Amino acid sequence: MAVLTTWTWVCLAGGAVLCIGLTSSIFRRRKRLSVPRNVVVVHHFFGRGWTVPSKSPFPMKLETFLRMTKTPYMNDHSGQMSKKGKTPWIEFNDIQVADSQFCIDFIKKKRGMDLNTALSVEQRSIARAFLKLIEENFYWTMCIELFCNKENIPLLKRSAPLKGPGFWLYYWFVRRAIQSATWGHGIGRHSVEEVWCIAQSDIEALSNFLGDKKYFMGDDPSEIDCSLFGMLTFLLVSMQGTRYEAFTKEHHPNLVSYFQRMKVTYWPDWDTLTTSSDKFTNDHGKLYFTENIPE
């Protein structure tokens, strides 16, 4: 019979405490939803954030798309994961779809809409390339900075779902998960400082292409704006106090102005959806764009 080391027991106990803490927090929020037909239900894992409507840029991306297209939807903050183990995910008339981009593609097909209709074939290709830069490269640089650069531990403590000893269990597990994911990706094989160099180049590329345009691809919003806004929310709000935020504000203010324009246009209720605000209201089960529900 294998003998477990003291450290193994500590890890197992810590994992159990972490799971119990997160699970109890989730179940305290859980309410059964009554959903009309032809309404998109967006499933979130951790609910609304302390200073942002979502701690993750991918629910922000998806919900921005729904707001941009005025798609009838409601949020489910009960914390249920998809069968793929991915979040966010949606339900639509008993059909489940996971992954923010797959969700957007599904909704586009169901509603017969396309935010990219004004783009040329070349512009669509450029937007696709930037989407992958944002989500498959730049996103991971920010995860590495937050959880693998020890200088950011005080920042994480302020926004973590667990406090006290629970924070260190949360930090250890999330850090290990990010290290594992980014090692397989490849970017995690670099040092934190090398990743920081990669991030600066990504930010510069986004800023240079945006220029003085109103939206990323021109005068009208397109699908890429949903992804970019979600990632800038993470960069400029969730990462406040980091060198990533400082670098962007000092050297690439057009990204900051773009973020503010998007926020004002599509998230006028921002303060009611952040838990640190005295205006916060729980929108679990709230129906948005009721007037657009098809007969």
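## Exercises on a mixed sheet and its surroundings

In strand E3, the residue that bridges to Val42 is Ile90. The model used in these exercises is a predicted one.

**Exercise 1.** Determine in which sense E1 pairs with E3 and in which sense E1 pairs with E2, and name the bridge partner of Val40 in E2.

*Solution.* Begin with the E3 side, where E1 and E3 (residues 89–92) are joined in the antiparallel sense over three bridges, the partner of Val42 being Ile90. Turn then to E2 (residues 73–76), with which E1 pairs in the parallel sense over four bridges; here Val40 has Tyr73 as its bridge partner. The connection is completed by helix H2 (residues 57–68), which together with E1 and E2 makes a right-handed β-α-β unit.

**Exercise 2.** Work out the strand order of the open sheet and identify its edge strands.

*Solution.* The open sheet has five strands in the order E4-E3-E1-E2-E5, and its pairing is mixed. Its edge strands are E4 (95–98) and E5 (287–288), each of which pairs on one side only. For E4 that pairing is with E3, in the antiparallel sense over four bridges, and it includes Phe92 bridged to Ile95 of E4.

**Exercise 3.** Establish which side chains of E1 lie on each face, and whether those faces are covered or not.

*Solution.* In a regular strand the side chains alternate between the two faces of the sheet. In E1 (residues 40–43), Val40 and Val42 lie on one side, Val41 and His43 on the other, and all of these residues are buried, both faces of the strand being covered. As for the helices, H2 lies across E1, E2, E3 and E5 and runs at about 160° to E2, while H3 lies across E1, E3 and E4 and runs at about 135° to E4.

**Exercise 4.** Classify Leu228 and Asn116 as buried or exposed, and describe the setting of each residue.

*Solution.* Leu228 belongs to helix H8 (residues 223–238), and because its relative accessibility is 1%, Leu228 counts as buried. Beyond residues up to four places away in sequence, Leu228 touches Ile134, Leu206, Phe216 and Tyr258; its C-alpha atom is separated by 9.0 Å from that of Phe130, although the two residues are 98 residues apart along the chain. Asn116 instead sits in the loop between helix H3 (100–111) and helix H4 (121–148), and since its relative accessibility is 12%, Asn116 likewise counts as buried. Apart from neighbours within four places in sequence, Asn116 is in contact with Arg124, Ser222 and Glu223.

Definitions and conventions: Residues numbered from 1 in each chain as written. Predicted model: local features only at pLDDT ≥ 70, side-chain atom pairs only at ≥ 80, totals over all residues. Heavy atoms only, no water. Helix = DSSP H or I, 4+ residues; strand = E, 2+ residues; numbered from the N terminus. Buried < 20%, exposed > 50% of the residue type's maximum accessible area, 1.4 Å probe, protein only. Contact = heavy atoms within 4.5 Å. Pairing = 2+ DSSP bridges. Right-handed = clockwise from strand over helix to strand, strands pointing away. Axes fitted to C-alpha atoms, helices over the stretch in contact; angles between N-to-C directions.
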